[in-house]
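Here are some exercises to work through with the model open in your viewer. Try each task before you read its solution.

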Amino acid sequence: MKINFQTHLDRQRTYFHSGVTRPLSFRKKALKKLNASIDRYSAEITQALYDDLHKSSFEALATEIGYVRKEIKDMIFNMESWTAAEKVATPIHITGPGSSKIITEPLGVSLIIAPWNYPFQLVMAPLVGAIAAGNVVTVKPSELSPATEKVVAKIIREAFDESHVAVVTGGIEVSKALLEIPWNHIFFTGSTKVGKIVMKAAADHLIPVTLELGGKSPTYIDQKANLKLAAKRVAWGKFINAGQTCIAPDYVLIHRSHCREFVKLLEKYIEDFFGSDPKKSSDYGRIISNHHFDRISAMLPNKAKCDPANRYIPPSPIIIEAADHPSMEEEIFGPVLPIIPVSDADEAIYFINARPKPLAMYIFTNKNSVKRRFENETSSGGLVFNDVIMHLANSELPFGGVGESGMGNYHGKFSIDCFSHKKSVYSSNTLIDIPLRYPPYKKWTEKLLNWIF
Ligand code: NAD
């Protein structure tokens, strides 16, 4: 039987139109309830993340639970100022006397579709923004991280009335059915391929979309860089969550003279972080599914150290000379790190600009002139100098892609903007009515208009 969510959407829309989500006090109460529920279930969430991805409790806290709790805290603290109406100037010589402001109004009923790699954070962080902006929400977690899907569903069902925030579980068929109906906004995190499906479906109802997608995020290591720090930070950012991070360094372009030493340093840090056999490390993740295990392990010249039964692939830096290597065909989304020697920043910029705009770009250099070149000559969702991933941790920065890596952004205040419409409000004065705009038009008024413009 075909699934139909129209009745569900109608119920949520009626709830939205009742106006109950408008007062900030209601939104804050909802966020506090969510926070308390997350608190209550934090052990279960941590266990679920371990079951789905072998995620360590440290990473569960830092990148999922703690991250979301910080978003909630920031949202509650700043909600008044982030949603406040903004008074703007009114050019009296153009409009006549009056006043103007921009008000932030909720978009309405929003659909959030999430992926499996940070299966808690990527449901909850957008949800926090949607609630704070006064939306009614339906979320669909990923079916590929079933343990987290279950606890997310439990938390949402316990914390909210279904008319306010609902959770729908299931796979692609459910997702497709959700995409058939006229939401007021769709917030999608996932692959570029499915992003296109979402955007096509949204076009049928002219639904605005936020697309948080992926792609190949490059790293460039300049001749003038702190090589040790670069290796340490790249090893951390690439192998966290076994490389299944949307903004993980996908590949490294490195000055030829540093290539061998960089690989040696990477190997050292991999051992420092995960021991001589990362399979035994409680801090090293597993690949989400057999499909992804087969896809990623096929990129390796030697699979001897991979373990299909446990979906284990070791951290694997590989030097490649040509860009037609299988690891360069698509986003890796796993612990394989191709390292490509280049001669200089020119070659790196050319290489990057010949490919789709990435979600993130990491440049290791001590030279300001090189930094300025990457700022001005490349385009990416985010740009980081001498580090990886950390831009995501600063909620003062909007997080999102550009071009094929996505559209729209969120985190902190940007989440409120993401789930809101900026409504222009102009109030005209009724006591004075300047006659110039009304026909019949006269030559002298046209002259005056010409002068004004
Ligand atoms: P995915 O696109 O396969 O799935 C994401 C969601 O879409 C899931 O809930 C899934 O059920 C649904 N879906 C899958 N196929 C569908 C279809 N044909 N029609 C409708 N819905 C469908 O992505 P994934 O494998 O879960 O996640 C990995 C991708 O997500 C990577 O590309 C990664 O870079 C990206 N990602 C991006 C961010 C970001 O913030 N930009 C964060 C995490 C992951």
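Keep in mind throughout that this is a predicted model.

**Exercise 1. A charged pair under cover**

Task: Find the salt-bridge partner of Lys55 and decide whether the two residues are buried or exposed.

Solution. Start with Lys55: its relative accessible area is 2%, so Lys55 is buried, given that buried means under 20%. Now look for a carboxylate. The side chain of Glu64 meets that of Lys55 in a salt bridge, with N and O 2.5 Å apart. Finally, check the partner: Glu64 has 0% relative accessibility and therefore counts as buried too. As a reminder, side chains of opposite charge can pair when their charged atoms come close.

**Exercise 2. A pair with two levels of exposure**

Task: Work out how Lys140 and Glu143 are connected, and classify each by accessibility.

Solution. The connection first: the side chains of Lys140 and Glu143 form a salt bridge at 3.3 Å, N to O. Next, the accessibilities. Lys140 sits at 2% and is buried, whereas Glu143 sits at 30% and is partly exposed. Hang on to Glu143, because a polar atom of its side chain also lies 2.7 Å from an oxygen atom of the ligand.

**Exercise 3. Loop to loop**

Task: Which parts of the chain does the salt bridge between Lys216 and Asp250 tie together?

Solution. Step one is the contact itself: the closest N and O atoms of Lys216 and Asp250 are 2.5 Å apart. Step two is to place the residues. Lys216 lies in the loop between strand 7 (209–212) and strand 8 (218–221), and Asp250 in the loop between helix 10 (227–239) and strand 9 (251–255), so the bridge links parts that are 34 residues apart in sequence. Step three is accessibility: Lys216 and Asp250 are both buried.

If you'd like to carry on with charges, go for the network of salt bridges that links Asp346, Arg373 and Glu377. The full count for the model is 21 salt bridges.

**Exercise 4. An enclosed strand**

Task: Show how strand 6 is enclosed, name the strands that pair with it, and follow the chain out of it.

Solution. Begin with a tally: five of the five residues of strand 6 (residues 185–189) are buried, so the strand is largely enclosed by the rest of the structure. Then split the strand by face. In a regular strand the side chains alternate between the two faces of the sheet. Here, His185, Phe187 and Thr189 are on one side, Ile186 and Phe188 are on the other, and all of them are buried, leaving both faces covered.

Now the neighbours. Strand 3 (residues 109–113) runs parallel to strand 6 and is joined to it by four bridges; one pair to look for is Ile113 with Phe188. Strand 7 also pairs with strand 6 in the parallel sense, again over four bridges, and Val209 in strand 7 stands opposite Ile186. To get from strand 6 to strand 7, the chain passes through helix 9 (residues 192–204), making a right-handed β-α-β crossover.

**Exercise 5. Around the ligand**

Task: How many residues surround the ligand, and which backbone atoms lie beside its oxygen atoms?

Solution. The ligand has 27 residues around it, the closest being Glu143, Ser175, Ser191, Leu213 and Glu331. For the backbone part, a N or O atom of Ala114 lies 2.7 Å from a ligand oxygen, and one of Gly190 lies 3.2 Å from a ligand oxygen. To finish, consider surface area: on its own the ligand exposes 840 Å², and the protein buries 92% of that.

**Exercise 6. Backbone oddities**

Task: Find where the cis peptide bond is, and describe the positive phi angles of Arg311 and Phe333.

Solution. Go to Pro439 and Pro440 for the cis bond, where omega is about -5 degrees. Pro440 is in the loop between strand 15 (420–428) and helix 16 (443–452).

Then compare the two non-glycine residues. Arg311 has a phi of about 50 degrees and belongs to the loop between helix 12 (290–297) and strand 10 (316–319); at 24% relative accessible area, Arg311 is partly exposed. Phe333 has a phi of about 55 degrees and is in the loop between strand 10 and strand 11 (336–342). With a relative accessible area of 16%, Phe333 is buried.

How values were computed
Residues are numbered from 1 along each chain as its sequence is written. This is a predicted model: local features need pLDDT of at least 70, side-chain atom pairs count only at pLDDT 80 or more; totals for chains, interfaces and linings use all residues. Side-chain values use heavy atoms; hydrogens and water are left out. A salt bridge is a side-chain nitrogen of Lys or Arg within 4 Å of a carboxyl oxygen of Asp or Glu. Buried means under 20% relative accessible area, exposed over 50%, partly exposed in between (1.4 Å probe, protein chains only). Two strands pair if DSSP finds at least two bridges between them. A crossover is right-handed if, with the strands pointing away from the viewer, the path from the first strand over the helix to the second runs clockwise. A residue is near a molecule or strand if one of its heavy atoms lies within 4 Å of it. A polar contact is a pair of N or O atoms within 3.5 Å; within protein, one must be able to donate a hydrogen and the other to accept it, and residues adjacent in sequence count only if both atoms are side-chain atoms. Accessible areas come from the Shrake-Rupley method with a 1.4 Å probe; for residues, only the protein chains shown count as cover.
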